[in-house]
Number of protein chains: 2
Amino acid sequence: MVLSHVQDGTRDGDAAAAVLIVYAHPHPGRSIANRLLLDAVRDLDGLRVQSLYDLYPDFSIDVEAERRLLEQARLVVWQHPLYWYSVPALLQLWFEEVLGRGWAYGEAQHALAGKDCLWVATTGASADAYTAAGEHGHPFSAFVPPIEQTARFCGMHWLEPLITHGAHAQDARAPRARAADYRARLQRYLDGHG
Amino acid sequence: MVLSHVQDGTRDGDAAAAVLIVYAHPHPGRSIANRLLLDAVRDLDGLRVQSLYDLYPDFSIDVEAERRLLEQARLVVWQHPLYWYSVPALLQLWFEEVLGRGWAYGEAQHALAGKDCLWVATTGASADAYTAAGEHGHPFSAFVPPIEQTARFCGMHWLEPLITHGAHAQDARAPRARAADYRARLQRYLDGHG
């Protein structure tokens, strides 16, 4: 199997990658935390980044291309900033169009069954905003079920998510610390110990 | 105050409506359950329907127009089929663009504070699919926090949602029953007893 290097933001080449990062930042150029996270892993062999907002700024997703990449991956990563307690709109559209009935679920094929899924999300608020008394009214875990169940409904194994709170802090301390975890986890995975 | 009749799918006229239904069905023409629900209420005086997929098929939302309508409303309804345990992509984009910092939340204005919010969602599965042992792995309440907290973060009052399971059943029994509830609730609201 030929493993590709990162082909972030291009539609060229569909070489197989064991780890596929589906990256959804509405303003990739203005990202700090997500860019730090991505830069920590993008040179790993066997990893590919699909930057949805770079590829599909008009919200016209190439469903077949996305499916081909997914079929080749063992680990699917959904990486994005949390927007209104959920995924950004283009990733929601990707769920709707790419994870279609008859391909990802339903009577016929279950194309993603048995693959692993890692959720990598950043939030602007600090962790203590996610309590019943905090700004966001709930522990962070209250916002996980829609994402987790999307993966599970497609038969994927849900891995322990990698969540970075405080992504807006000037010192970027939290994303820097998480970036090292992220690389270590993906490296272990690619080494076959994930 | 002049109250408008429904102006579903048009951009004409911004007459004030006390009840604003933000309607997000990706295929309005193919909807059965949501159409039944909408048809049950659309002739009420003081109600307006914004059909997002009719208005913005290219995902280019007129943010200022949406905000003007919201400012005039007392009750904001979010009506849509559930897609991957969440709102359809265009409603997610509406959240991101319309409910912006400095307008809906943040240091300055809180344009929606004190308004009421009603969530009207349909699901294809029957209610018993929403259990820990069921097809969707969780009680339906596990999927509510992102939507509810979006409303609450903007200072809106969260009303008891109106959820219709079994929307795909051929006999449309569930949506027909819910349609009567929906009309009664909105009518009471418009009569000032909501």
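**Two chains, a shared contact and a core**

Biologist: Which description fits B:Ala172: buried, partly exposed or exposed?

Modeller: This is a predicted model, in which local features need pLDDT of at least 70 and side-chain atom pairs count only at pLDDT 80 or more, while totals for chains, interfaces and linings use all residues. Residues are numbered from 1 along each chain as its sequence is written, and chains are lettered from A and ligands numbered from 1 in the order in which they are written. A residue is buried if 20 or more other C-beta atoms, placed from the backbone, lie within 10 Å of its own, exposed if 12 or fewer do, and partly exposed in between. Because B:Ala172 has 17 other C-beta atoms within 10 Å, the description that fits is partly exposed.

Biologist: What is the phi of B:Ala172?

Modeller: B:Ala172 sits in the loop between strand E6 (162-164) and helix H6 (173-190) of chain B, where helices (H or I, at least four residues) and strands (E, at least two) are DSSP runs numbered from the N terminus. The phi is positive although the residue is not glycine, with a value near 55 degrees.

Biologist: Which element of chain B helps to cover the buried residues of H5(A)?

Modeller: The buried residues of helix H5 (residues 145-153) of chain A include A:Pro145 and A:Ile147. Chain A contributes to their cover with, among others, helix H4 (89-98) and strand E4 (116-122), and the element from chain B is H5.

Biologist: How many residues of chain B that touch chain A are charged?

Modeller: Residues are in contact if their C-beta atoms, placed from the backbone, lie within 7 Å, and the contact takes 21 residues from chain B and 21 from chain A. Ala, Val, Leu, Ile, Met, Phe, Trp, Tyr, Cys and Pro count as nonpolar, Asp, Glu, Lys and Arg as charged, and the others, Gly among them, as polar. The side of chain B that touches chain A therefore divides into twelve nonpolar and seven polar residues, while the number of charged residues is two.

Biologist: What kind of axis relates chain A and chain B?

Modeller: Copies are superposed by least squares on the C-alpha atoms of residues with pLDDT of at least 70 in both. A turn of 180 degrees, with a shift of 0.0 Å along the axis, lays chain B on chain A with an RMSD of 0.0 Å. That relation is the one given by a two-fold axis.

Technical notes
Two residues are in contact if their C-beta atoms, placed from the backbone, lie within 7 Å.
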